[in-house]
Amino acid sequence: MVAFPLIKLGTLAVKQISKPISKSIRAMAKGSPFMRRYICMPPAQFYHWMDVNLKMRILGLGKATEVKPLSEEAAVELGSEIIGESFIFSVAVGTLVFEYWRSSKKEEQHETKQSIAIRELEGKVRDLGLALEEQDAKLRELNRLVVEYAPSSKK
């Protein structure tokens, strides 16, 4: 019983901690030239390209022939946002997977206990059936002996 609230509080704490970590990842992405060029900009440019093409198709204008890339600063900003939000999303997905695993494990343990209890009950019913057959045989034997040794009223 105590583990349930602690696990829920732990998952809530992980979610809350992920937000400041996401902000620090964004700041690091904006500050490092390697992160800017190779980690932030490619997903941002791809997102921008997909966004423009999708909007053009929704408006019925067809596929865009050429999409002008974002400026470096806008791409870094968008890329760092994508990275930060992806981190928060992955933490949320990880939390959900953990909760699902934990509940399925708990359910499996419950089913195991139930199947053991059912097997024990089946064994007891089988033992009672054998005892009933044994008592029935003894009762028939006693009835046979009573009939055999009983004084006959016809004599």
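In this predicted model, R144 has a relative accessible area of 42% and is therefore partly exposed. The side chain of R144 reaches that of E148, and the two meet in a salt bridge with an N to O distance of 2.7 Å. E148 is likewise to be counted as partly exposed, because its relative accessibility is 46%. Both residues belong to helix α3, where four positions, or about one turn of the helix, lie between R144 and E148. As a general point, side chains that carry opposite charges can pair when their charged atoms come close.

From this pair it is convenient to step back to the chain as a whole. The fold contains three helices and zero strands, and the order of elements from the N terminus is simply α-α-α. Helix α2 covers residues 33-58, while helix α3 takes in residues 72-149. The overall dimensions tell their own story: the radius of gyration is 37 Å, whereas a compact globule of 155 residues would be expected to have one near 15 Å. Along the principal axes, the C-alpha atoms occupy a box of roughly 125 × 45 × 20 Å.

The surface figures can be read alongside these dimensions. About 12500 Å² of the chain is accessible, and carbon and sulfur atoms supply 66% of that area. Buried residues make up 17% of the 155 in the chain. Contacts nevertheless link distant stretches of sequence: among contacts with a separation of 6 or more, 75% are between residues 24 or more positions apart. As for charge, 24 side chains are positive and 19 are negative, with a distance of 4 Å between the centres of the two sets.

Eight salt bridges are present in the structure. One of them joins E72 to R36, with 3.6 Å from N to O. This pair brings together distant parts of the chain, since E72 is in helix α3 and R36 is in helix α2, with 36 residues of separation. R36 also forms a salt bridge with E73, here with an N to O distance of 3.3 Å. Because R36 sits in helix α2 and E73 in helix α3, this second bridge ties together parts of the chain that are 37 residues apart in sequence. Taken together, R36, E72 and E73 form a network of salt bridges.

Which of these residues are buried, and which are partly exposed? R36 has a relative accessibility of 17%, which is under the 20% cut-off, so R36 counts as buried. E72, in contrast, falls between the limits of 20% and 50%, and its 42% relative accessibility means that E72 is partly exposed.

Helix α2 offers another buried position, N53. The relative accessible area of N53 is just 6%, so this residue counts as buried. What does N53 touch, once residues up to four places away in sequence are set aside? The neighbours of N53 are then K63, A64 and V67.

Beyond helix α2, the loop between α2 and α3 holds S71. With a relative accessible area of 46%, S71 is partly exposed. The C-alpha atom of S71 is 9.3 Å from that of Q45, although 26 residues separate the two along the chain.

Two further positions in helix α3 give a useful contrast between distance in sequence and distance in space. F98 is part of this helix and, at 37% relative accessibility, is partly exposed. F98 and T11 are 87 residues apart in sequence, yet their C-alpha atoms are 9.2 Å apart. E141 also lies in helix α3, and this residue is partly exposed at a relative accessible area of 35%. From E141 to L130 the sequence separation is 11 residues, and the C-alpha to C-alpha distance is 17 Å.

How values were computed:
Residues are numbered from 1 along each chain as its sequence is written. This is a predicted model: local features need pLDDT of at least 70, side-chain atom pairs count only at pLDDT 80 or more; totals for chains, interfaces and linings use all residues. Side-chain values use heavy atoms; hydrogens and water are left out. Helices (H or I, at least four residues) and strands (E, at least two) are DSSP runs, numbered from the N terminus. The radius of gyration is taken over C-alpha atoms; the globule rule is 2.2 Å times the number of residues to the power 0.38. Buried means under 20% relative accessible area, exposed over 50%, partly exposed in between (1.4 Å probe, protein chains only). Contact means heavy atoms within 4.5 Å. Accessible areas come from the Shrake-Rupley method with a 1.4 Å probe; for residues, only the protein chains shown count as cover. Lys and Arg count as positive and Asp and Glu as negative; His and the chain ends are not counted. The place of a charge is taken as NZ of Lys, CZ of Arg, CG of Asp or CD of Glu. A salt bridge is a side-chain nitrogen of Lys or Arg within 4 Å of a carboxyl oxygen of Asp or Glu.
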